[in-house]
Amino acid sequence: MILSGTGSDGTLGVKAIKEAGGLVLAQEMATAEYGSMPEQAIRSDVVDQVLAPEAIPEVLVRFANHNYICGDAASPQWETNHHRLSVRSEVDESAVRV
């Protein structure tokens, strides 16, 4: 995920994630306090979706639940990360519950 920030160093990371078959999300530039980092990632042409921050948790949940993903959505680490995303994005956790 590329969120609000400055610079273009996140672009190398998103390219590596994409090459490994990962999902690449970027924050909509209009919603970012600093749009430089999301803009550079979007221009790299490897971003799968450009979203408002409040839409990101739902997309991550759908991705994590995909049959090709090996992770365990019931794991303590998943729950911790899911909670952090919900709190930071101010999205009701129950709305995107696995």
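Colleague: Is Ser44 buried or exposed?

Modeller: Keep in mind that this is a predicted model. Buried means under 20% relative accessible area. Ser44 has 15% relative accessibility, so Ser44 counts as buried.

Colleague: Where along the chain does Ser44 lie?

Modeller: Look at the two elements on either side. One is helix α2, residues 36-43, and the other is strand β2, residues 49-51. Ser44 lies in the loop between α2 and β2.

Colleague: Which residues is Ser44 in contact with, leaving aside neighbours within four places in sequence?

Modeller: Contact here takes heavy atoms within 4.5 Å. With those sequence neighbours set aside, the partners of Ser44 are Thr11, Val14 and Lys15.

Colleague: What pattern does the protein follow along the sequence?

Modeller: Start with the tally, which is four helices and two strands. Read along the sequence, they give α-β-α-β-α-α.

Colleague: How much of the protein counts as buried?

Modeller: The accessible surface comes to about 6200 Å², and 51% of that belongs to carbon and sulfur atoms. As for burial, the protein has 98 residues, and the part that counts as buried is 33%.

Colleague: What share of the contacts with a separation of 6 or more comes from residues 24 or more positions apart?

Modeller: Here we take just the contacts with a separation of 6 or more in the protein. Residues 24 or more positions apart account for 61%.

Colleague: Which element has the lowest mean pLDDT?

Modeller: Over the protein, pLDDT averages 76, and 58% of the residues score at least 70. Among the elements, β2 has the highest mean, 94. The lowest, 63, belongs to residues 76-89, helix α4.

How values were computed. Residues numbered from 1 in each chain as written. Predicted model: local features only at pLDDT ≥ 70, side-chain atom pairs only at ≥ 80, totals over all residues. Heavy atoms only, no water. Buried < 20%, exposed > 50% of the residue type's maximum accessible area, 1.4 Å probe, protein only. Areas by Shrake-Rupley, 256 points an atom, 1.4 Å probe, with all protein chains shown as cover. pLDDT = per-residue confidence, 0-100.
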